[in-house]
Amino acid sequence: MPRNLPVGNGEMLIAFDDLYRVRDLYWPHVGMPNHTCGHLQRFGVWADGQFAWIEAPSWTRSLNYVQDSLVTEVRLRNERLGIELVCRDAVDYWSPVYFRSVVVIDLQDRPRDVRLFFHQDLSIGESAIGDTVNYDPQTGGLVHYKDTTYFLFNGCGARSYGVDTWSTGQKRIRDAEGTWRDAEDGLLSRNTIAQGSVDSTVGFSLMLHPGGSSTVTYWICAGKDYEEVKALDDKVRTKTPQRMMLRTEAYWRLWATKEGLDFSPLSKSVRDLFIRSELIVRTQIDHDGAIIAANDYDITRFAGDTYSYMWPRDGALVSYALVLAGQSELSQEFFRFAQRVIEKSGYFLHKYNPTGTLASSWHPWTLDGKRILPIQQDETALVLWALRRHFCTFRDVEFIRDLYNPLIVDPASWMLRYRDQNGLPIPSWDLWEERRGIHLFTVAATIGALKAAAAFSHEVGALDRATEFEQGAERMKVAMLRHMWSPERNIFARMATPLAEGGYELDFTADASACGLFAFDALDANDSRVVAHMQMLRERLWVHTDIGGMARYERDPYHQVERFDTGRVPGNPWIISTLWYAQWLIERAHTEEELSEAQHLLQWTCDRAALSGVLAEQFDPYSGAHLSVSPLTWSHAAFMTTVLKYLQRHTQLTGIDHGVSARA
């Protein structure tokens, strides 16, 4: 299921599914580890002898956020129970504390006996073996712990701090379903401790006056030992949950709107999704600098692995969106992370854990008995290219000084060495991580990276090196036009495969990643060859259903829905593909009228978002349902980039300043 409501602070991330159930709890890194392993953390209501978990069909739900902030605003209504709930969730902006405030409203105009139940199903460190949960008489809450990871679950009602009732026990052991079953009669057993594969449930009781309401606040504190979580619980009591949630709401509103951008050329829905995208992107960034691709544990059912990794490709393109948005602190931390993990030879490997260790991979180290580098060269090129965009915007010379050799000179020098006899990159894996060869996207990104390295070198007075990088970029551009452009077809090849007898076998599959040609300044957006190719992409990749949008490439098999009528539906529509095309429309616009052509694609993106603003990786071409992971950080960053490029171009055409830097 999509993770429709992520809340976090760079250290703790909590994600809800579309039924408002907590599914993921990450701490102390965004993306690592997930202490729920995707298992349901249930939330239920008992009212006057009747019970319903929140996923029951008797509930109606509205899952949203408070305007321009990272606090949820969820409304749940159950006519059978005669209850309405107004819930707000937040992770404190400063501390690893998650809050849920629940206002319970009577709908039957009579006195009510109501009880709320919160269920915890943890697998600490992503394993349920050896966990312990115990009732803590000092705080009046429950503590789940193992090794150096502790979680304290607590709360308060109108009268006092501490849970009113609780249950601890075993789960998924023999016949044990879990303590959540204990809640369904409105009573909990109060067993004080359990060990092994355990879960727990806490309860709060309240009495409602006819037509009245009452509030319960539940929280989770995370720490490395009992003293840490106890201190956080004391902090909550001292400051009060209400004040901590209000300060968090204010902080994120300030953070998201600090640049004071003028969105007046665009619709309110585009403006609102931009701010929401900023905030959602922030939830996916670890405090140590890793920009995580997505944190949606359900993808493990499809791939046996998650997206909770830092791909240098995603990280670089997301950091570019942050640069355009003026979020220099986050882009700086990403580049520091990149500096720590890059190989000494000057290239990045496939992907990394948020801790900086090498992540799982499907890129082999040998092929046909020969040793190869298990890399996507575009990942190395994109980080260098994005670093140049960062510097052009913020001109932070002291910051760049320490990165000059590891992230500029070394990668650019490696890219010059990693070329074939014609000046094209040696084969590596494509940005989609599916095929090995010389890819148009990789070539374009490498040209952009070498140009960036030349500009850096020229500025610091390394003129010989600047010349070397400039010449390398120009030679690669000439080779790209000679070997990957087909005058007969009037399009580029997406991939060239070297032949033993010399030359290349060309693959002319329509692939949206050709947008790299203009995005990284390999060619101008108005170059006749780029124009011809982009027009071909629009014709061959547009999805001809009511959903619309552009596919990633022709006959894309990943989560493929339509396997037969691929002329009408070449693949599932992707946010990235569709917005790349919008960026080309923006780049080549010479009038306001031409620029406005991109607006319908921005609105298309708004139409694809969940009510909360979450964007998936791709969508069902017939129903529009979210497919693969959701939210995808790259999708939100692509929307941010497109909006900011639109405002930049509008400024260039009209002279009206919208507050977006023109340097990046």
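Me: How do the residues of the lining of the second largest cavity divide into nonpolar, polar and charged?

Reply: They divide into four nonpolar, two polar and four charged. Here Ala, Val, Leu, Ile, Met, Phe, Trp, Tyr, Cys and Pro count as nonpolar, Asp, Glu, Lys and Arg as charged, and the others, Gly among them, as polar. One note before we go on: this is a predicted model, where local features need pLDDT of at least 70, side-chain atom pairs count only at pLDDT 80 or more, and totals for chains, interfaces and linings use all residues. Residues are numbered from 1 along each chain as its sequence is written, and side-chain values use heavy atoms, with hydrogens and water left out.

Me: Which residues line the second largest cavity?

Reply: First the general idea: on a 1 Å grid over the protein atoms alone, a cavity is a set of points where a 1.4 Å probe fits but cannot get out, while a pocket is an open set with protein on both sides within 12 Å along at least five of seven lines; lining residues have an atom within 4 Å of a point. In this case the lining includes Asp-430, Trp-432, Arg-435, His-439 and Arg-494. The volume of this cavity is about 60 Å³, where a volume is the space filled by probe spheres set on the points, and grid points are joined across faces, edges and corners.

Me: How many cavities of 30 Å³ or more are there, and what volume has the largest?

Reply: The count is two, and the largest has about 120 Å³. Its lining has 14 residues, with Val-22, Gln-41, His-119, Tyr-218 and Ile-220 nearest the centre. By class, that lining has nine nonpolar, three polar and two charged residues.

Me: Which element gives the largest share of that lining?

Reply: Elements are DSSP runs numbered from the N terminus: helices are H or I with at least four residues, and strands are E with at least two. Here S11 gives the largest share, three residues. The whole protein has 17 helices and 30 strands.

Me: Now the open spaces. How much space lies in the largest pocket?

Reply: About 720 Å³. It is lined by 31 residues, and Tyr-320, Trp-385, Ala-519, Glu-587 and Lys-645 are the closest to its centre. Helix H17 (633–654) is one of the helices that supply at least two residues of this lining, and H17 gives the most, with eight. The lining holds 18 nonpolar, five polar and eight charged residues.

Me: What is the volume of the second largest pocket?

Reply: That one has about 390 Å³. Among its 23 lining residues, Tyr-307, Trp-362, Glu-433, Tyr-558 and Glu-617 are the closest to the centre. By class there are 14 nonpolar, one polar and eight charged.

Me: At what angle do the axes of H14 and H17 cross?

Reply: Axes are lines fitted to C-alpha atoms, for helices over the stretch in contact, and angles run from 0 to 180 degrees between N-to-C directions. The axes of H14 and H17 cross at roughly 10° and come within 9 Å. That makes H14 roughly parallel to H17, a label for angles under 35 degrees (over 145 is roughly antiparallel, 65 to 115 roughly perpendicular and the rest oblique). Contact means heavy atoms within 4.5 Å, and the contact residues include Trp-580 and Glu-587 of H14 and Phe-639 and Lys-645 of H17. These contact residues divide into ten nonpolar, four polar and three charged.
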